[in-house]
Amino acid sequence: MSRKMKNKVVSNLKIERIAAEGKCVAHHEGKVVFVKDVAPGDVVDVRITKGKSSFMEGEPIAFHEYSKDRVEPFCSHFGVCGGCKWQHIHYDLQKNYKWQQVIDQFDRIAKVENMPDVLPILGSENTRYYRNKLDFTFSNNRWLTREEINSGEQFERNALGFHIPKMFDKIVDIEHCYLQNDISNEVRNSLREFALAQGLGFYDIRNQEGLLRNLIIRTSSTGESMVIVQFGADHKEEIETVMVFLNEKFPQITSLLYIINLKKNETFHDLEVVTYVGKPYIEEEMEGLKFRIGPKSFYQTNSAQAYELYKVTREMADLQGDEVVYDLYTGTGTIANFVAKQAKQVIGIEYVEAAIEDAKLNAEVNGLENTLFYAGDMKDMLTEEFISKHERPDVVITDPPRAGMHDDVVQMLLKLEAPKIVYVSCNPATQARDVALLSEKYQVDKIQPVDMFPQTYHVENVVRLTLKRL
Ligand SMILES: C[S@@+](CC[C@H](N)C(=O)[O-])C[C@H]1O[C@@H](n2cnc3c(N)ncnc32)[C@H](O)[C@@H]1O
């Protein structure tokens with residue numbers, strides 16, 4: 001019956017509550033309907049986009065009532081750009097919904113005994129301009145609004161901005177983005193203006209041609225900034241024109257870089273990055289520790305809140321100075337280096353070799369001599385052999401990607417029986433799944449959600465597990 005519902009319109013649906021991935025739940029004829037881009041309390045007509053036997057998915061096509069909890073989105077690109085999908089929800093409620101998400105996932109998936117209450121979510125002090133990295137795309141195929149199309153007029157089609165969700169070749173031209181501080185908006189808008197005035201080519205993704213391809217802007221709390229321009233053609237003179245322009249107009253950029261990328265995709269981990277002016281990295285700082293961030297390095301995108309997250313992690317680890325700590329999925333070793341002074345030894349393991357090189361460099365820059373870093377797939381690295389060559393951990397900190405931990409890794413943790421595990425996750429659903437498996441030997445004794453990404457439905461969560469005394 002539900003499959004037949006596809007493309008049907010359900011009228012006057014009352015939106016009840018937030019579910020996973022930012023969608024909201026409503027009910028129609030006893031069946032759950034997940035609706036995107038709405039808020040609890042809205043009454044809407046919904047077009048069904050997917051019909052399964054147990055649930056349906058839909059999108060709003062008309063609003064009859066707006067939720068009293070709605071607020072006016074502050075960004076003119078809201079609704080088109082996929083960046084800040086929760087701007088229509090007051091920040092206090094966003095936090096509430098995220099907190100509820102964690103509770104729901106742990107109730108539904110982890111189902112562990114004697115679970116403590118989920119602590120109130122730690123909100124982000126900055127709810128705008130909190131990101132330290134944005135990635136803009138040049139395109140000769142600007143997204144046109146319905147009004148623009150209907151007007152029959154001709155419009156500038158070159159754009160510099162963000163991808164329209166699920167449309168690889170359409171870019172919304174960004175005038176002001178509330179995610180990164182001023183230099184970001186100024187650099188992007190000036191470069192676009194300059195490129196248009198000079199008649200430089202904006203990238204044509206369908207035909208894989210055009211000079212200007214991508215612009216990455218990274219900023220740091222130390223005031224440094226990195227600008228990387230990716231060129232889709234090796235045209236020396238035009239590249240020089242662009243780089244001279246940026247250098248003269250923005251002398252405050254401390255790291256001005258470019259990449260010639262003639263590949264089919266925008267990834268550049270395998271390409272040379274040319275330092276045009278300044279240093280090849282910027283620095284972040286926490287408690288006097290310096291973290292070098294190169295063009296290819298990962299760093300948590302909300303620096304201020306990353307510091308809060310790491311403090312929560314360290315607090316849960318409760319280190320006394322004589323512990324061996326394993327930091328699994330260490331990335332560039334930020335957590336490992338952050339807790340190193342409070343531990344006897346920290347061992348970080350991570351898949352990406354370049355990240356491990358950064359982790360070692362960061363340990364060296366900070367004079368930390370009690371860290372070891374290894375590159376490799378976690379399930380192949382965390383083995384009996386590895387453990388026999390190192391000391392067994394007193395504390396394991398684990399911060400896996402959204403997919404959570406591989407089952408082999410969970411099984412190894414169960415064998416390892418470290419007295420304490422601090423599990424940091426950007427996906428409470430997979431975290432709850434892993435916690436359910438670990439509950440065979442572990443007791444959950446603290447759950448602390450942290451909001452790293454205001455205006456989005458994403459939530460980070462930190463859980464402390466302690467070994468049960470059997
Ligand atoms: C959420 S990030 C952790 C970042 C780090 N803890 C930090 O705060 O900067 C997850 C990390 O896991 C790494 N990773 C993903 N799959 C992996 C695997 N199978 N084995 C080892 N590391 C992996 C990713 O490269 C990424 O650096």
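**View A. Glutamate 285 and lysine 290 are bridge partners, the lysine lying in β15.** The model shown here and in every view below is predicted. Strand β14 covers residues 282-286, and strand β15 covers residues 289-293. The two run antiparallel and are joined by 5 bridges. Together they form a hairpin, with 2 residues between the strands. Glutamate 287 sits in the turn and has a positive phi of about 50°.

**View B. Three domains divide the protein chain.** Domain 1 spans 3-65. Domain 2 is built from two segments, 92-126 and 302-467. Domain 3 spans 133-282. The centres of domain 1 and domain 2, taken over C-alpha atoms, are separated by 35 Å. Where these two domains touch, 4 residues of domain 1 are in contact with 5 residues of domain 2. On the domain 1 side, the touching residues comprise 2 nonpolar, 1 polar and 1 charged.

**View C. Six strands make an open sheet with mixed pairing.** The strand order is β1-β5-β6-β4-β3-β2. The edges belong to β1 (9-14) and β2 (17-18). Each has a single partner strand, so one side of each lacks a neighbour in the sheet. Within the sheet, β4 (residues 31-35) pairs with β6 (residues 55-65) in the parallel sense. That pairing runs over 4 bridges. One register point to pick out is valine 33, whose bridge partner in β6 is methionine 56.

**View D. Seven strands make a second open sheet, again with mixed pairing.** Read across, the order is β9-β8-β7-β10-β11-β12-β13. Which strands stand at the edges? They are β9 (167-173) and β13 (274-278). Each pairs with a single strand, so one side of each is left open, without a neighbour in the sheet. From one strand to the next, the twist averages 30°.

**View E. Strands β10 and β11 run antiparallel.** β10 takes in residues 212-219, and β11 takes in residues 225-231. They are joined by 7 bridges. Isoleucine 216 faces another isoleucine across this pairing: residue 228 in β11 stands opposite.

**View F. Helices α3 and α4 both contact strands of the seven-stranded sheet.** Helix α3 (residues 182-198) lies across four strands: β7 (133-139), β8 (159-164), β10 and β11. Its direction is at about 160° to β10. Helix α4 (residues 236-249) packs on the sheet and touches β11, β12 (255-260) and β13. The angle between α4 and β12 is about 165°. β11 is touched by both helices.

**View G. Helices α1 and α11 pack at an angle of about 35°.** α1 runs over residues 91-110, and α11 over residues 428-438. Their axes are 9 Å apart. The crossing is right-handed. From α1, the contact uses Gln101, Val102, Gln105, Phe106, Ile109 and Ala110. From α11, it uses Pro428, Ala429, Ala432, Arg433, Val435 and Ala436. By class, the contact holds 9 nonpolar, 2 polar and 1 charged residues.

**View H. A shell of 18 residues lies around the ligand.** Which of them come nearest? Tyr329, Gly331, Tyr351, Met378 and Asp399 do. The shell as a whole divides into 10 nonpolar, 5 polar and 3 charged residues.

Notes: Residues are numbered from 1 along each chain as its sequence is written. This is a predicted model: local features need pLDDT of at least 70, side-chain atom pairs count only at pLDDT 80 or more; totals for chains, interfaces and linings use all residues. Two strands pair if DSSP finds at least two bridges between them. Axes are lines fitted to C-alpha atoms, for helices over the stretch in contact, and angles run from 0 to 180 degrees between N-to-C directions. A residue is near a molecule or strand if its C-beta atom, placed from the backbone, lies within 6 Å of it. Ala, Val, Leu, Ile, Met, Phe, Trp, Tyr, Cys and Pro count as nonpolar, Asp, Glu, Lys and Arg as charged, and the others, Gly among them, as polar. A crossing is left-handed if the near helix is turned anticlockwise from the far one by less than a right angle, and right-handed if clockwise. Domain bounds come from an automatic or database domain assignment.
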